[in-house]
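Here are my comments on the model you sent, set out as numbered points. They cover the sheet and the helices that pack around it.

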Amino acid sequence: MILGIIVLIIVSAVTIFLSISFYITIFGGGPFVPTPMISVHKVLKAAKIKKGDKVYDIGAGDGRFVHFASKDYGANGVGFEMDPFVYFIAKMRQKFWKWKGKIIYGDFQKHSLKDADVLVCYMMPRTLAKFQKKFDKELKKGTKIVSYGFHIGSWKPKKVIKKEGKIAQIFIYQVS
Ligand SMILES: C[S@@+](CC[C@H](N)C(=O)[O-])C[C@H]1O[C@@H](n2cnc3c(N)ncnc32)[C@H](O)[C@@H]1O
């Protein structure tokens, strides 16, 4: 009897987890795959963040970009995360590891990006192309967009940093 309940709880939890991941893959920007730390630092360096810059990560994961942008560059880091499990991990990182920045639960598409100075992303190219319209509409002149791994729709990058070992390509754009 107890074993049956435990199995039922595990199966339910796995089903909920897979359903949420499936939903995010279809309607969001793809599932949680953390950027390797070495790449996080390279992306942030490439973004040339200034103290006080508003830095958004549109799919924050555990909040690593937001944390290091805030801690190492004095940025006002804000991340959006729509997966409740991953959001929980990000909040735990902040609570127990004292990670910095602000993590907002939900779909970034429901939030305005008009005050962004820097936007970082690590998402599937198919969905980045879909988000391009929102970026074109909201991002102000001068905003830097640094995309780890994938290009953004029909945008022409200002610079592409080539793949180097485990560090994937980095695409840098600037709104003109
Ligand atoms: C590939 S992971 C990258 C995580 C983190 N930025 C990193 O680089 O380690 C993409 C994350 O974006 C989240 N995500 C996808 N679509 C989203 C959306 N529309 N709004 C907010 N978060 C989203 C996913 O749940 C996932 O955690």
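**Notes on the sheet and its helices**

1. Start with a single residue pair: Tyr148 has Ile170 of strand E7 as its bridge partner. The model is a predicted one. The pair belongs to the antiparallel pairing of strand E5 (residues 144-148) with strand E7 (residues 170-174), which are joined by five bridges.

2. E5 and E7 are neighbours in an open sheet of seven strands, whose order is E3-E2-E1-E4-E5-E7-E6. The pairing in this sheet is mixed. Its edges are strand E3 (102-105) and strand E6 (159-161), each of which pairs on one side only. From one strand to the next, the twist averages 20°.

3. Which strands does helix H3 lie across? Helix H3 (residues 64-73) lies across E3, strand E2 (76-81), strand E1 (54-57) and strand E4 (118-121). Relative to E2, H3 runs at about 175°.

4. H3 also packs with helix H2 (residues 37-46), at an angle of about 55° and with the axes 10 Å apart. H2 is therefore oblique to H3. The crossing of the two helices, H2 and H3, is right-handed.

5. On the H2 side, the contact is made by Val40, His41 and Leu44. H3 contributes Arg64, Phe65, Phe68, Ala69, Asp72 and Tyr73. How many of the residues in the contact of H2 with H3 are nonpolar, polar and charged? Six are nonpolar, one is polar and two are charged.

Key:
Residues are numbered from 1 along each chain as its sequence is written. This is a predicted model: local features need pLDDT of at least 70, side-chain atom pairs count only at pLDDT 80 or more; totals for chains, interfaces and linings use all residues. Two strands pair if DSSP finds at least two bridges between them. Helices (H or I, at least four residues) and strands (E, at least two) are DSSP runs, numbered from the N terminus. Axes are lines fitted to C-alpha atoms, for helices over the stretch in contact, and angles run from 0 to 180 degrees between N-to-C directions. Two residues are in contact if their C-beta atoms, placed from the backbone, lie within 7 Å. Angles under 35 degrees count as roughly parallel, over 145 as roughly antiparallel, 65 to 115 as roughly perpendicular and the rest as oblique. A crossing is left-handed if the near helix is turned anticlockwise from the far one by less than a right angle, and right-handed if clockwise. Ala, Val, Leu, Ile, Met, Phe, Trp, Tyr, Cys and Pro count as nonpolar, Asp, Glu, Lys and Arg as charged, and the others, Gly among them, as polar.
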